[in-house]
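Open the model in your viewer and keep the selection box ready. The stops below go one selection at a time.

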Amino acid sequence: MVSEHKTANANFESLLRIFTVPEGPDSTLTRIEEELSRNLNQFLREHIVAEEKPLKQIEKDFCDARIPDEPVFVSDHTQHLLDTLVAQSVHTASPSFIGHMTSALPYFMMPLSKIMIALNQNLVKIETSKAFTPLERQVLGMLHRLIYGNDDSFYQQWMHSAEHSLGAFCSGGTIANITALWVARNSALKADGDFHGVEKEGLFKAMRHYNYDGLAILVSERGHYSLKKAADVLGIGQDGLVLVRTDEHNRICPDDLQAKITELKARNIKPFAVVGVAGTTETGNIDPLQAIARICQQEQCHFHVDAAWGGATLMSGNYRHLLDGIELADSVTIDAHKQLYIPMGAGMVLFKDPHAMNSIEHHAQYILRKGSKDLGSHTLEGSRSGIAMLVYASMHIISRAGYELLIDQSIAKARYFADLIRAQADFELVSQPELCLLTYRYLPQQVKTAMHQADSSQRAQLNALLNELTKFIQKKQRETGKSFVSRTRLNPICWDKLDTIVFRVVLANPLTTNEILHSVLEEQREIATLAPLLMGRIERLTQQILA
């Protein structure tokens, strides 16, 4: 506990030193800074404990709700953080932890982050950000050009226009998606005659003015959970989030999308936005964006693409074609803290039309004045850090060519792992990798044969037992701490759309090797032997089906 450390003097002179003078060269904090600078990955490997500690036990280190009356020395508290927090954190940078969408970070992020934190800019207004404001506008312009490919004159006209914005930085994909749909809602219920717009008069009066019985957002069954939050926050209710059927590749079915829109309009419900997914969270698949764009144009719906995960693929000349049609979207979400290898908290939403964000513009007398280039006038969040600096730096240090190499190697690695899984007699590849995500499960050959021969009732029973086995293997592998894969639920068409728990891996970490992928499968195979009772039940049912 922190209270066990000897306390420092609580006087103003000591307090000032915290703001001005660091501790000596032999202090814990100074040593940590040197270790982080020398070898970031080694520091994490040495200080994060591999074997998982139960959460209840971790909570004991953080159970005192009292604010300390006396200060402790910086080094003492740093050691406390190393022992209690760092040691029990998740090693997202580990090359064998392949279940996370966060990955290893480039070493230069550490010193640059220190500069960013020291400057402590607030990008809500230009008085507290100065050069960071044009920098953030440039980064938004760079990503906008990556998506929409306009010429130099377009960006010269709009990138730094005080009355316009090409997009907004957000804390992540959730806020980015909400912002895009907020713009879409306000545009659909804009001022008209005596009606001053939904942003002024509210949803009830807007619906009455336009004579709608409801509003709807359409998205595939694989859409991100943030869209439920958006439906809730925007006042249309979660029932207003309409799910569209997906095919065997987890992509939205355009025919079902058109049918759903027609059905909604027949019920006098306004379908004001359609969300296409470019890299589903669960499987990494990409919706047919061109087909969705055609429907949206015909039906006058706002077309938003959630490319929080897959948007970085546009950096690759070899694979950007996978996102063909994204340039037709009215808005796009991209998370830089995923495949652009930026620390957490760097989401973005980009808008095709520089005027689009005017529908959510807000001003105040002491801040965000009309005519100012304050970026906060077009954002849901107010105070915001200068993390755009890290994206700007990466664009220059890694460059488009470097990002292409990172994207290409991650997709190649996923394809290698998919081939490796197919080659195993006791594993099943459940979803093919389109980007660098894939899903699979442990499924011995004899059990797979039984699944094919079983009637629907037997297949459901056997599948339920396999789900229990998948959960056991995934949990045991996580607790052991040598490697990590996540898990999710899918409904494979080949198994009658049964609710199926699968392993999910994300192969974005450039430090992950093919040898590590082999060892992950071998460890899962060994863990399966540690569940003799469950394996026995699976084997007995298998024999019964095959008899």
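Is Lys497 buried, partly exposed or exposed? Select Lys497 and find out: its relative accessibility is 39%, so Lys497 counts as partly exposed. Bear in mind throughout that this is a predicted model. Lys497 sits in the loop between β10 (486–490) and β11 (500–506). Check its backbone too. Phi of Lys497 is near 60°, a positive value in a residue other than glycine.

**Next: Ser399**

Ser399 also has a positive phi, near 75°, and is likewise a residue other than glycine. Its setting is helix α15, which spans residues 399–422. Ser399 counts as partly exposed because its relative accessibility is 26%.

**Colour the domains**

Make three selections: domain 1 (2–89), domain 2 (173–336) and domain 3 (407–546). Now show domain 2 and domain 3 together. Their C-alpha centres lie 32 Å apart. Between domain 2 and domain 3, an area of about 1,700 Å² is buried, and carbon and sulfur atoms give 56% of that area. Which three residues supply more than any other three of the area that domain 2 buries against domain 3? Select Glu282, Trp309 and Tyr319: they supply 33% of it. As for residue counts, 22 residues of domain 2 are in contact with 20 residues of domain 3.

**Lys338, an annotated site**

Keep Trp309 on display and add Lys338. Trp309 is among the residues that Lys338 touches, along with Met101 and Ala308, when residues up to four places away in sequence are not counted. In UniProt, an unreviewed entry lists Lys338 for "modified residue: N6-(pyridoxal phosphate)lysine". The residue is found in the loop between β6 (331–335) and β7 (347–351). Is Lys338 buried or exposed? Lys338 counts as buried, because its relative accessibility is 17% and the cut-off for buried is under 20%. Now show side chains for Lys338 and Asp335. A polar contact of 2.5 Å joins the two side chains.

**The cysteines**

How many disulfides does the structure hold? The structure holds zero. Select Cys296 and Cys301 and look at the sulfurs. Cys301 has the cysteine sulfur closest to that of Cys296, at 5.4 Å, so the pair is too far apart for a bond. Cys296 counts as buried, since its relative accessibility is 2%. Move on to Cys170. Cys170 is buried as well, with a relative accessible area of 4%.

**Two buried helix residues**

Go to helix α7 (residues 132–148) and pick Thr133. Thr133 counts as buried, at 2% relative accessibility. Show what surrounds it. Thr133 touches Ile126, Lys373 and Leu375, with residues up to four places away in sequence not counted.

Then pick Asn186, in helix α9 (residues 173–188). Asn186 counts as buried, with 2% relative accessibility. Which residues is Asn186 in contact with, leaving aside its neighbours within four places in sequence? Display Val198, Glu199, Ser359 and Ile360.

**Strand β2**

Select Gly214, in strand β2 (residues 214–220). Its relative accessible area is 11%, so Gly214 is buried. Add Met207, Asn268, Ile269 and Lys270 to the view. Gly214 is in contact with these four residues, its neighbours within four places in sequence being left aside. Now run a distance from Gly214 to Met395. The two are 181 residues apart in sequence and 43 Å apart in space, C-alpha to C-alpha.

**Last stop: helix α1**

Finish at Ile18, in helix α1 (residues 12–20). Is Ile18 buried or exposed? Ile18 is exposed, because its relative accessible area is 60% and exposed means over 50%. Draw one more distance, from Ile18 to Gly536. C-alpha to C-alpha, they are 62 Å apart in space, with their positions 518 residues apart in sequence.

Definitions and conventions: Residues are numbered from 1 along each chain as its sequence is written. This is a predicted model: local features need pLDDT of at least 70, side-chain atom pairs count only at pLDDT 80 or more; totals for chains, interfaces and linings use all residues. Side-chain values use heavy atoms; hydrogens and water are left out. UniProt positions are given in the numbering used here, feature names are shortened, and annotations may be inferred rather than shown by experiment. Helices (H or I, at least four residues) and strands (E, at least two) are DSSP runs, numbered from the N terminus. Buried means under 20% relative accessible area, exposed over 50%, partly exposed in between (1.4 Å probe, protein chains only). Contact means heavy atoms within 4.5 Å. A polar contact is a pair of N or O atoms within 3.5 Å; within protein, one must be able to donate a hydrogen and the other to accept it, and residues adjacent in sequence count only if both atoms are side-chain atoms. A disulfide is a pair of cysteine sulfur atoms within 2.5 Å. Domain bounds come from an automatic or database domain assignment. Buried area is the accessible area (1.4 Å probe) that two parts lose on being put together, summed over both.
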